[in-house]
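Subject: The model you asked about

Hi,

Here is the structure, handed over for you to open alongside this email. My notes on it follow below.

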Amino acid sequence: MHVLITGGTGLIGSALAKSLIESKCEVTILTRSPDRQQSSASEGVRFEKWDGETETGWGHLVTEVDAIVNLAGAGIADGRWTRARKEQIRESRVKAGQALVSAIRNAEAVPKVVIQSSAVGYYGPGDDQIMTEEALPGTDFLAGVCVDWESSTESVESMGVRRVVIRTGVVLSALGGALPRMTLPFRLFAGGPLGSGKQYFPWIHIDDEVAAIRFLLENEDASGPFNLAAPNPPTNKEFVRYIGKAMGRPSLMPTPSLALRTLFGEMSTVLLDGQRAVPTRLHEAGFEFSFPDPVAALRDML
């Protein structure tokens, strides 16, 4: 299998590429800086330059590949949500998807499957409501971004391409992403819940994230949206208690909601709101999590 990955230099893309190469698959990653990435990449990964917005310079590759995994998009939590930043978050995702559609439309042969990235933020902030893939989208900024993100590649289905949408929770890895940031206060003996701690925390181990993507790539019956989050999501208060237990640190120092809203502005919703998203369709398709339990997952990573 030859897989083309956009956003392939990030946490998920790098792990996915490594897994595919180990299985003797071909991997091509689209990136703005192919020369710099090539020097530190896993052997066998091929990098091609793109601007993140068009098919210029790489569109011909679509004819060569069996699958495309679209992970491209500016970081959600990389800075305060100014008007310009919010536009960048949305546009980086939509334009990348539109570029893929254009490349597929102009290709002599189309890929068998497109994996379209999204997030559980699609459902908007939730309380105790369990959110399966059938739940309606939310009305906040992140939900709107996810709706547009998912829609950006929808038209490939009319071209005969199987399309899977992955609505991912918080991906946990010792190598980067959210977990190192979450554990830092615990290393300083200052860990604790964020805000009320009652918000649900939909998480997934990086190994399960990669395994689920590969499962959906290879399962020809899989299409439509899938929640990529571990079963039985805990609340934030419960999860930080698990972190403290895994690290042998207390978890009694809450960070007030007001402080987070003052520090991060609108972006604080990423920390203070959550979704009780469950992987109903993954279970129905026969996928089995290696790390369904947060305590075992944290011990593995920490």
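Let me begin with how the chain holds together: residues 24 or more positions apart account for 77% of the contacts with a separation of 6 or more. Before you go further, note that this is a predicted model.

**The chain overall**

The secondary structure adds up to 11 helices and 12 strands. How does the radius of gyration of the chain sit against that of a compact globule? For 302 residues, such a globule would have a radius of gyration near 19 Å, and the chain has 19 Å, so the two agree. If you want a box for it, the C-alpha trace spans about 60 × 40 × 40 Å along its principal axes.

Of the 302 residues, 51% count as buried. The accessible surface comes to about 14000 Å², and carbon and sulfur atoms contribute 50% of that. On the charge side, there are 30 positive and 36 negative side chains, with the centres of the two sets 8 Å apart.

**Helix α4 and what surrounds it**

Helix α4 covers residues 141-151, and its buried residues are Phe141, Leu142, Ala143, Val145, Cys146, Trp149 and Glu150. What do they pack against? Their partners are two helices, α3 (83-105) and α9 (269-272), and two strands, β5 (113-119) and β7 (162-168).

You can look at the α9 side through Thr269, which has its place in that helix. Thr269 has a relative accessible area of 14%, so it counts as buried. Setting aside residues up to four places away in sequence, Thr269 touches Trp81, Pro125 and Leu142, and Leu142 is one of the buried residues of α4. The side chain of Thr269 also makes a polar contact with the side chain of Asp273, at 2.5 Å.

Between α4 and β7 there is a loop, and Ser155 is found in it. Ser155 has 30% relative accessibility and so counts as partly exposed. Apart from its neighbours within four places in sequence, Ser155 is in contact with Val101 and Arg105. Ser155 and Arg105 are 50 residues apart along the chain, while their C-alpha atoms are separated by 9.5 Å.

**The loop between β11 and α7**

Two residues caught my eye in the loop between β11 (224-228) and α7 (236-247). Thr235 is one of the residues there, and Asn232 lies in that loop too. Is each of them buried or exposed? Thr235 is buried, because its relative accessible area is 14%, whereas Asn232 is at 69% relative accessibility and therefore counts as exposed.

Which residues does Thr235 touch, not counting those up to four places away in sequence? The list is Gly197, Lys198, Gln199, Tyr200 and Phe201.

One of those, Lys198, turns up again with Ser196: the side chain of Ser196 reaches the backbone nitrogen of Lys198 at 3.2 Å. Ser196 itself lies in the loop between α5 (178-187) and β10 (203-205). From Ser196 to Ala178 you go 18 residues in sequence and 19 Å in space, C-alpha to C-alpha.

**Backbone angles to check**

Most residues other than glycine have a negative phi. Against that background, Asn232 has a positive phi, near 55°. Lys24 is another non-glycine residue with a positive value, about 70°. Lys24 is found in the loop between α1 (11-22) and β2 (26-31), and at 75% relative accessibility Lys24 counts as exposed.

**One last helix residue**

Glu218 is found in helix α6 (residues 206-218). Its relative accessibility is 47%, so Glu218 counts as partly exposed. In sequence, Glu218 and Val45 are 173 residues apart, and their C-alpha atoms are separated by 20 Å.

Happy to go through any of this with you.

Cheers

Note on methods:
Residues are numbered from 1 along each chain as its sequence is written. This is a predicted model: local features need pLDDT of at least 70, side-chain atom pairs count only at pLDDT 80 or more; totals for chains, interfaces and linings use all residues. Side-chain values use heavy atoms; hydrogens and water are left out. Helices (H or I, at least four residues) and strands (E, at least two) are DSSP runs, numbered from the N terminus. Buried means under 20% relative accessible area, exposed over 50%, partly exposed in between (1.4 Å probe, protein chains only). Contact means heavy atoms within 4.5 Å. The radius of gyration is taken over C-alpha atoms; the globule rule is 2.2 Å times the number of residues to the power 0.38. Accessible areas come from the Shrake-Rupley method with a 1.4 Å probe; for residues, only the protein chains shown count as cover. Lys and Arg count as positive and Asp and Glu as negative; His and the chain ends are not counted. The place of a charge is taken as NZ of Lys, CZ of Arg, CG of Asp or CD of Glu. A polar contact is a pair of N or O atoms within 3.5 Å; within protein, one must be able to donate a hydrogen and the other to accept it, and residues adjacent in sequence count only if both atoms are side-chain atoms.
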